[in-house]
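Please open the structure in a viewer with residue selection enabled. The stops below are to be visited in order, each beginning with a selection.

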Amino acid sequence: MTALGDLIEIDDRTVLVLGQDLDLGRGQPDVANALVHRAGDTLVLVDTGVTEAFRTALREAAARVGPWSRALVLTTHGHLDHIGNDDLADALGVPAAHWVPAPDVPQMRDPVAYWVRAFERAAGPAALTDPAGTAARVVALFRPMRPFGETTRTYEERPPEQIRIGPLRFTGWTFADGAVRVLRSQGHCAGHVVVHLRDPGVLHLSDEDNGPCGAMADADQLKIQTVLGSAAVLVEAGEAALLTDGHTFAVRRGAEAVSHLDGLLEQAAALGEASLGLAGERVVPSAFAARYAQVMAGAGGGGANPSAPFTAMSAVNQLRELGLRPESGAVDAPWSRPALRDPERAAPSRGPR
């Protein structure tokens with residue numbers, strides 16, 4: 001059993017600070033794991049979780065990996081469970097910088113609007129009668145929420161770099177004289193990045209491996225699968241000795257890491273195949289989501305938040321992956337495949353005049 005704020009020591013300069021699972025019934029927010037590392041004289045915090053208890057654990061981990069004389073706080077994406085203590089960058093008593101992905105700034109400023117959009121898309125399949133109220137109640141769980149500080153800037157304010165790690169090339173940004181690599185991934189949500197720590201060989205996927213299928217409205221299934229495949233290549237090439245993420249309370253090494261990544265890719269393929277059989281050419285989302293939930297449970301692919309709303313959100317994304325679109329804006333309106341014929345060419349000829 002693990003508890004909020006437990007520390008897993010990776011080496012004398014690197015610690016994984018463990019979060020906790022979401023429990024909507026008990027009013028418990030999920031808290032994402034954070035990675036704490038010292039690169040030379042720079043303290044590196046990858047995500048800051050949420051809650052005062054987790055803030056205390058971050059400070060304990062920072063003291064353990066010291067000494068350091070400057071700080072770097074890196075936000076992997078803008079979801080609430082990752083950003084609540086971002087202002088810690090201003091409270092460490094040393095020169096500091098905090099970097100966030102620009103595409104996620106709107107949701108960090110207005111998380112309720114972001115979650116309203118997420119729940120409205122799945123209102124029919126999830127049987128949500130009050131998406132706005134549900135969004136407000138979920139967001140209220142994450143307190144205190146301090147996503148910005150005096151030193152916050154966006155990664156995109158820096159010129160993008162081509163970063164080569166072993167056999168692969170990425171677009172992103174380097175910090176601490178190249179010891180810290182921030183790699184654009186953008187699968188789990190629009191701004192998502194992953195972080196590679198060169199010296200301990202840690203690849204932190206944050207939420208890119210949070211289940212085989214994306215749930216959020218701004219998720220990109222192809223990018224999720226691409227980053228999972230790239231991560232497996234880096235592990236097999238010896239460029240990533242250790243794999244960590246936002247919601248698995250463990251550190252994976254070698255063959256275990258590859259097996260984890262391959263398993264997610266296999267689950268994604270299986271869910272895609274099953275979804276094709278469930279959907280057909282026209283489907284009612286609530287009926288599809290009910291059958292999809294059964295398939296997902298059988299595949300063990302629920303991710304960190306295996307609740308009815310998140311499963312319904314994944315189901316809606318699967319319908320989009322299959323090329324189906326809603327026939328109207330009504331809640332639970334049928335989805336179908338758009339016609340492939342050109343309407344102009346399909347129109348009957350009126351003949352000569």
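## From the strands to the pockets

The model is predicted. Begin by selecting strand E6 and strand E7 (residues 152–154), a parallel pair joined by three bridges. Within this pair, His 98 stands opposite Thr 152 of E7.

Keep E6 (residues 96–100) on display and add strand E5 (residues 70–74). Four bridges connect these two strands, and they too run parallel. To locate the register, pick Ala 71, whose bridge partner in E6 is Ala 96.

Next, add strand E4 (residues 42–46). E4 pairs with E5 in the parallel sense, over five bridges. Here Val 44 has Leu 72 of E5 as its bridge partner.

On adding strand E3 (residues 34–39), the direction changes: E3 and E4 run antiparallel, with five bridges between them. Ala 39 is the residue to select in E3, since its bridge partner in E4 is Thr 42. The two strands form a hairpin with two residues between them, and Gly 40 in the turn has a positive phi of about 65 degrees.

Remain on E4 and colour by accessibility. Are the residues of E4 buried or exposed? Five of its five residues are buried. Both faces are covered, with Thr 42, Val 44 and Val 46 on one side and Leu 43 and Leu 45 on the other.

Now select Leu 43 alone and display its surroundings. Beyond its neighbours within four places in sequence, Leu 43 is in contact with Val 36, His 37, Ala 62, Val 65, Trp 68, Arg 70, Ala 71, Leu 72 and Leu 92. Leu 43 also belongs to the largest nonpolar core, which has 53 residues. Val 17, Val 36, Leu 43, Trp 115 and Met 313 are those with the most contacts inside that core. A second, separate core has 22 residues, including Tyr 155, Val 182, Val 195 and Val 251. In soluble globular proteins, nonpolar side chains tend to be buried together.

The tour now turns to the pockets. For the largest pocket, which has a volume of about 250 Å³, select Glu 120, Arg 121, Gly 329, Ala 330 and Asp 332; of the 16 lining residues, these are the closest to the centre. Then show helix H4 (111–121), helix H5 (123–126) and helix H10 (308–321), the elements that give two or more residues to the lining. Which of them supplies the largest share? That is H5, with three residues. By class, the lining of this pocket divides into nine nonpolar, three polar and four charged residues.

Finish at the second largest pocket, which holds about 190 Å³ of space. Its lining can be selected as Arg 169, Phe 170, Thr 171, Leu 183, Arg 184, Ser 185, Gln 186, Val 194, Lys 223, Thr 226, Val 227 and Ser 230. Strand E9 (168–175), strand E10 (180–184) and helix H7 (221–236) each give two or more residues to this lining. H7 gives the most, with four residues. Colouring the lining by class shows four nonpolar, five polar and three charged residues.

Notes
Residues numbered from 1 in each chain as written. Predicted model: local features only at pLDDT ≥ 70, side-chain atom pairs only at ≥ 80, totals over all residues. Heavy atoms only, no water. Core = buried A, V, L, I, M, F, W, Y, C linked by side-chain atoms within 4.5 Å. Buried < 20%, exposed > 50% of the residue type's maximum accessible area, 1.4 Å probe, protein only. Contact = heavy atoms within 4.5 Å. Pairing = 2+ DSSP bridges. 1 Å grid on protein atoms, 1.4 Å probe; cavity = no way out; pocket = protein on both sides within 12 Å on 5 of 7 lines; lining within 4 Å. Points joined across faces, edges and corners; volume = space filled by probe spheres on them. Nonpolar A, V, L, I, M, F, W, Y, C, P; charged D, E, K, R; others polar.
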